[in-house]
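Me: I have a model here and would like to go through some of its side-chain contacts. Please keep the answers short.

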Amino acid sequence: MTTVIEPAVEQRVTGRKGRWIDHWEPEDPEFWRRTGRRVANRNLAFSILAENIGFSVWVLMSIVVVNLGAVGFDFGVSQTFWLLIVPNLVGAALRLPYTFAIPRFGGRAFTTVSACLLMIPCLMLAYAVTNPATPYWFFLLTAAAMGFGGGNFSSSMANISFFFPERKKGIALGLNAAAGNLGVAVTQLVVPLVITMGTGINLAYAALMWMPLIVLAAACAWLFMDSISSARPDGVSYRNAMKNKHTWVVSILYIGTFGSFIGFSFAFPTLIGLAFDEFTSFVGLAFLGALIGAVTRPLGGWLADRTSGAAVTVAVFAGLGAGSLSVLLSVAVDSFALFFGSFIVLFVLTGLGNGSTYRMIPLIFSAQTRARAAGTGENLDVALRAAKRQGGAVVGVAGAVGAFGGVLVNLSFSYSLDKAGTLTPALLVLVGFYTVCLATTWWFYLRTRVAAGRYPSLAYARV
């Protein structure tokens, strides 16, 4: 039977067990005021809890690798970076299937399951660091299991999008994303403190500390979250999105913003130790980068709303290129202060870019639809509803593709340090890529000829 979640929510018997809501009309102002807002906000709160812990476990290896040498594990530069690359790779790969899991299994059930899966890497890590004979391949397998936390972002965003009306989705998804990103900062702030409690370094604490929180997140999801019966996978929107060139343009831009954020987050503590070994004690401050990057994400969306998402994104890529050159200079002159400060600026910019790039997506597809409707005479309201669904599909695709950017960032750092013994080649590659992203944004979304009508698919929007 269907469990009644709120007295004011009309429900029909569906034959499914669990907290399934069969009548959900968030676009109805009276329904939203009377019941919908309360239910949606409750689900958002527990979704944020689960996603935050997911991000925390996802980047856990970024702190663990810095301390492996202190507990008797001697891995080379390339091996160390692969321990950072593998969780990023798995997390990115899981984002698309996690997105489709919500309509199939329901938000409540899948949030519970995805939270429980986080227990696997924690148990594996606790075993690995307490056994001196643990082989490198087991650490790699542990790092891969941490990728479960990376997939949580997409399932959480997909689930929450069903609960809120269009006018409220921006702030709800922004809070959900920013709170998840904050999990990176939480790990890099708290774990170094916890593993040094007592005598020496106890890396097992890095795993054990998350287990009660995982149980809490899973229990809250099961007891207090809901699933919406009307949430259905929209295969047509995904197929249309895959065939639209702007899906891939935006995905490339998101590689440059979110890919840089998560790639820098994984690498920053390790880079501090490798580039400035006399400043290893400052590894504990690496959390500031991820914290600032998470906090500035909503600001990027806010700036895009008040100016232009494309203009903000162009400025972000210009800043990322300049910031990378500043990191390059810091290494050349051996200035840790410049190195640390430059990375903080890079994190600020990636946060702004994450917000502005995501804000561009609905505008781009709305603009295309308006232009097409003006030319074909199709019903604009119907076409815009389809455009919103397609934009939602693009968010899922871009989120998955963008996460692979973190893999590329760490591969470049690994190859550069292993083969050249310096960060210079990797930083020059980043400068080149940010230049390409800047030119791509300008070419598709800022050129005067767009407004003039040469590209009518975008002529109706201020992207």
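Me: Are phenylalanine 268 and phenylalanine 340 buried or exposed?
Reply: The model is predicted, and the answer rests on its computed accessible areas. A residue counts as buried under 20% relative accessible area and as exposed over 50%. By that cut-off, phenylalanine 268 and phenylalanine 340 are both buried.

Me: Which class of pair do the rings of phenylalanine 268 and phenylalanine 340 form?
Reply: Ring centres within 6.5 Å make a pair, and planes that are neither under 30 degrees nor over 60 apart count as tilted. Here the centres are 5.5 Å apart and the planes meet at 40°, so the pair is tilted.

Me: Which helices hold phenylalanine 268 and phenylalanine 340?
Reply: The pair ties together parts that are 72 residues apart in sequence. Phenylalanine 268 belongs to residues 245-275 and phenylalanine 340 to residues 336-376, so the helices are α12 and α15.

Me: What is the distance from arginine 297 to the ring centre of tyrosine 358?
Reply: A charge sits over a ring if CZ of Arg is within 6 Å of the ring centre and within 35 degrees of the ring normal. Arginine 297 lies over the face of tyrosine 358, and its distance from the ring centre is 5.1 Å.

Me: Is leucine 411 buried or partly exposed?
Reply: Leucine 411, in helix α16, forms a nonpolar surface patch with Trp82 and Leu408. The buried class ends at 20% and the exposed class starts over 50%. With a relative accessible area of 33%, leucine 411 is therefore partly exposed.

Conventions: Residues are numbered from 1 along each chain as its sequence is written. This is a predicted model: local features need pLDDT of at least 70, side-chain atom pairs count only at pLDDT 80 or more; totals for chains, interfaces and linings use all residues. Side-chain values use heavy atoms; hydrogens and water are left out. Rings of Phe, Tyr and Trp (its six-membered ring) pair if their centres lie within 6.5 Å; planes under 30 degrees apart count as stacked, over 60 as edge-to-face and the rest as tilted. Helices (H or I, at least four residues) and strands (E, at least two) are DSSP runs, numbered from the N terminus. Buried means under 20% relative accessible area, exposed over 50%, partly exposed in between (1.4 Å probe, protein chains only). Patches are made of residues with over 30% relative accessible area and no salt bridge: like charges are joined within 9 Å, nonpolar side chains (Val, Leu, Ile, Met, Phe, Trp, Tyr) within 5 Å. Accessible areas come from the Shrake-Rupley method with a 1.4 Å probe; for residues, only the protein chains shown count as cover. A salt bridge is a side-chain nitrogen of Lys or Arg within 4 Å of a carboxyl oxygen of Asp or Glu.
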